[in-house]
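Hi everyone, thanks for coming. I'd like to walk you through one structure today, so please have a look at it with me.

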2 protein chains.
Amino acid sequence: MATLKDVARKAGLSVTQVSRALNNHSDVSARTREHVQAVARSLGYQPNLSARKLVSGRSGMVGLVVPRSPDLASDGLFMEVVAGLSTHFSAREMQFVVHVAQEGEPILPVYRRLIGNGALDGFVLIDPEDNDERAAFLTELDVPFVVHGRIGENPVHPYFDIENESIFFELTDHLLSLGHRRIALLNGVEGRSYVGARLRGYLRALAGAGVDADKAITRNCKMTEAFGLVSTVDLFSPGGDAPTAIICGNVRIAKGVYQALQALGLTVPGDVSVMAHDDHLGNLQTAAFYPALSVTDAPLRDSWEPLAGCLADAITGAPLSKLQLIGSHQFRFRRSTAAPQS
Amino acid sequence: MATLKDVARKAGLSVTQVSRALNNHSDVSARTREHVQAVARSLGYQPNLSARKLVSGRSGMVGLVVPRSPDLASDGLFMEVVAGLSTHFSAREMQFVVHVAQEGEPILPVYRRLIGNGALDGFVLIDPEDNDERAAFLTELDVPFVVHGRIGENPVHPYFDIENESIFFELTDHLLSLGHRRIALLNGVEGRSYVGARLRGYLRALAGAGVDADKAITRNCKMTEAFGLVSTVDLFSPGGDAPTAIICGNVRIAKGVYQALQALGLTVPGDVSVMAHDDHLGNLQTAAFYPALSVTDAPLRDSWEPLAGCLADAITGAPLSKLQLIGSHQFRFRRSTAAPQS
DNA sequence: TAACAAATCCGAAACGTTTCGGATTGTGAT
DNA sequence: ATCACAATCCGAAACGTTTCGGATTTGTTA
């Protein structure tokens, strides 16, 4: 491998100046810079990350640590996350790597190892929980990280997130404004921070309309088609106080809900209004639902670019105010909502 | 982070001796070694990989590069591979990381980048193909790697593999010995090296029994249930020269075959004998098939330990003869095979 | 006791990079 | 001619580790 010294010799300059030229420092003339870059290219020079890390403290490698779990593998989510992040870190000349922890292995020591030996500059945290130990740990150790989502009410960490609270407020509010008073919420697994945010949005809308929330019609589970299906069957079981509308955490759930409603002989939106949040996972076309599904639309895949940028900036020491990013979302009203039957 | 110098000071020794003590070198007394280790532990010392890499040329990090692909994510295979390798490299105090290349991105430049900046010591190659460019490239650059499988007839690279050729020879031979003469083979995707090996074993057995191979009844495809199902339907389509036995590349295929046969009103093993190779993926219980499926048994999960060991040894410069490992397999004859109907 | 080998230790150099402080030019104003 | 100043360059030190060659101590044998 060609080293800086090789480039310096061939360019007839000092190692110092070559380094500065390649890193776009100020005190190197344009002519020299171009010359050095040309020479470096011709030699196929690549900076040695270890050497760089040793002196500058940065290696340009960042990582994602995931616990081994059958869930992660099964849906396409994991690959989507990894590929998306990989792409956008590459674009920033950073290496993105994944470390899979063993099942049941405590996760903090894994981070400690990865940090201790100085291989990685920072981390991306996904699936944050309400009191996320990883975030606390990394904050404590002063290691840069970015969270996909927010932890707590007033987060003091870098993040990229969508307005889950607002989204579910608006979803609920729309149904309320149509006249619905009994609105079911099929939410994700308890403990995840976005699940809490969504619930808060839902409850705030209900409270605003003076409607009492009923715990019997908000459910938490992994967001699958099966969840939507069995929940719906259960919600409409005879003798129960069935809802007139259902809000789904994602489109997969909505698919299950549609199936169950059809099986139960109930129509959308005649008997039941259905809405969902659409993260564009699992290529379910919400417009192709029958009737077309009304959704809030915020593709998950729009997260990776800001996340990568955020971590990159966090590592270079940008102020927190520049590291708290919010993604946009859109309402797409279609045909799955209507006023409730009297 | 505590450095070697810190440990040396606290232990009252030179940096040199501390390094030697921690790395189990010869010329350090047992008493010193223990003392040093105790001090290191008390300080939470972790060697800096970058510094180590710089001088010794080894960082203790190895990697797997996978192209982004929807396939990989969907079946549990990818997670199984990653988790297995991760586990066994950890046990060897090595860090195992995954790099996902972008879809359609040429793979060699990715390796070049990863090697050039000196982050990784070696690679694990999975899904080798007949003329694998990655292996050629890494050999050329003299970068250690280990292949899960073999490339070519007389491989000159480190590998761990099972005897695919023998396994499919024996599978075929068994059916031949029962009297079958028309044996279908549902193989994996063409180009993969193990697929070629399996075909060779099958053909050698047929040739040994003086049976002409018929290309019409050997099929190549991704090894899914659907493949088994549609192939079977096709093989037994009216007017065709149907086989009396089917060999499946894995159990998933066999499941599809069973389904199709049942739908077609054909019995196992009365009308058709079925065998498969079982890699224990996708927790399909072969003994729970009805009738219980006869298989060759070689759990894929037994591969990760030897693969990790092999790469570790390759990096430390072990001779090739110690780096070519073969896994064992077992025959499990159950109730899915019988002599063909006259 | 002298000589020698083995066991145990250490200083210094090296790996490839960044960066601090200073050195060397060239330019224009005095 | 002198000075100030910017623009452009360079030497040397530093990062944390391993390793080479040699130094010191200890034990053994003549």
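I'll start with how the two copies sit together, then go through chain A, and finish with one helix and one loop.

A bit of housekeeping. This is a predicted model, so local features need pLDDT of at least 70 and side-chain atom pairs count only at pLDDT 80 or more, while totals for chains, interfaces and linings use all residues. Residues are numbered from 1 along each chain as its sequence is written, chains are lettered from A and ligands numbered from 1 in the order in which they are written, and side-chain values use heavy atoms, with hydrogens and water left out.

Okay, the two copies. Turn chain A by 180°, shift it 0.0 Å along the axis, and it can be laid on chain B with an RMSD of 0.1 Å; the fit is by least squares on the C-alpha atoms of residues with pLDDT of at least 70 in both. The copies are thus related as by a two-fold rotation axis. In chain A, the C-alpha nearest that axis belongs to Ser50(A), at 2.1 Å.

Now chain A by itself. Its C-alpha trace spans about 85 × 40 × 35 Å along the principal axes. It has 13 helices and twelve strands, which are DSSP runs numbered from the N terminus (helices: H or I, at least four residues; strands: E, at least two). Of its 342 residues, 49% count as buried. Buried means under 20% relative accessible area, exposed means over 50%, and partly exposed is in between, using a 1.4 Å probe and protein chains only.

Let's zoom in on helix H7 of chain A, residues 107–116. How many of its ten residues are buried? Seven of them, so the helix is mostly covered. Among the buried ones are Ile107(A), Tyr111(A) and Leu114(A). And what covers them? From chain A, the cover includes strands E1 (61–67), E2 (95–101) and E3 (122–125) plus helix H8 (133–141), and chain B adds its own strand E2 (95–101). After H7(A) comes Gly118(A), with a positive phi near 65°.

Last stop: Gln285(A), in the loop between strand E9 (273–278) and strand E10 (294–297) of chain A. Is Gln285(A) buried or exposed? Exposed, with a relative accessible area of 54%. Gln285(A) and Val251(A) are 34 residues apart in sequence, and their C-alphas are 8.7 Å apart in space.

That's my tour, thanks for listening!

Terms used: Contact = heavy atoms within 4.5 Å.
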